[in-house]
Amino acid sequence: MKTIQINAADNVAVALQPVAKGEQIETGGRILEARGEILQGHKIAVERIRSGEQVIKYGFPIGHATEDVEAGSWVHTHNMATNLEGETEYRYEPDLHPPVPVEPETFMGYRRRDGRAAIRNEIWVIPTVGCVNDVAKKIAKDNQKLVQGSIDGLYAFPHPFGCSQTGHDHAQTRKLRRLWRAIPMRAPSWWWGLAVKI
């Protein structure tokens, strides 16, 4: 589609791409032959517009023809004029009011090495199997002296899974552990496991 008729009442269409002289184009349910080169974004008459008749775009008059315009012709300032009266020369004189500078908003948080921000800075002990839950909890309990300064907390996250997991169940546990690692609230994390020989 090279042209678009914005409103069914329009007697002009808009070139979406450059149209060459003599090119056949379809617009508004009819086939037109371009009588001249039509630049992209410019208007083309989809029907004959007699001198003095309104040029219709968006369903409303945007001006009037100053000469007879045949269908397929380029419609521009050389063959149409505005319907506005009085002053037709305009100047752009913006009255700008720069915004008042303000201090950027901040919050008490931590910037991670990867650029993310967090509002807590915690140490996590994460067992990878259920049989070391008690060890993980004891590590967290016995090392609470580390919770000072910029460290907000030391926690263990026990869970009853991990041993003898297979298939989708095991994949779900691995997925959960990956998500834990992605949470920016943690500082370091200790992963605690157990190798079992059978």
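Helices and strands here are DSSP runs, numbered from the N terminus, with at least four residues for a helix and at least two for a strand.

**Figure 1. The whole chain, with its two helices and 14 strands.** This is a predicted model. Along its principal axes, the C-alpha trace covers about 95 × 50 × 25 Å. The radius of gyration comes out at 36 Å, while a compact globule of 198 residues would sit near 16 Å.

**Figure 2. What is tucked in and what is on show.** Of the 198 residues, 31% count as buried. The chain exposes about 13900 Å², and carbon and sulfur atoms supply 55% of that area. As for contacts between residues at least 6 apart in sequence, 51% of them link residues at least 24 apart.

**Figure 3. Charged side chains along the chain.** Look for 25 positive and 23 negative side chains. Take the centre of each set, and the two centres are 22 Å apart.

**Figure 4. Close-up of the loop that carries His42.** The loop runs between β4 (30-33) and β5 (43-45), and His42 is part of it. His42 has a relative accessible area of 18%, so it counts as buried, the cut-off being under 20%.

**Figure 5. The neighbours of His42.** Leaving aside residues up to four places away in sequence, His42 touches Ala13, Val14 and Ala15, plus Trp74 and His76. With Trp74 there is also a polar contact: the side chains of His42 and Trp74 are joined at 3.0 Å.

Notes
Residues are numbered from 1 along each chain as its sequence is written. This is a predicted model: local features need pLDDT of at least 70, side-chain atom pairs count only at pLDDT 80 or more; totals for chains, interfaces and linings use all residues. Side-chain values use heavy atoms; hydrogens and water are left out. Buried means under 20% relative accessible area, exposed over 50%, partly exposed in between (1.4 Å probe, protein chains only). A polar contact is a pair of N or O atoms within 3.5 Å; within protein, one must be able to donate a hydrogen and the other to accept it, and residues adjacent in sequence count only if both atoms are side-chain atoms. Contact means heavy atoms within 4.5 Å. The radius of gyration is taken over C-alpha atoms; the globule rule is 2.2 Å times the number of residues to the power 0.38. Accessible areas come from the Shrake-Rupley method with a 1.4 Å probe; for residues, only the protein chains shown count as cover. Lys and Arg count as positive and Asp and Glu as negative; His and the chain ends are not counted. The place of a charge is taken as NZ of Lys, CZ of Arg, CG of Asp or CD of Glu.
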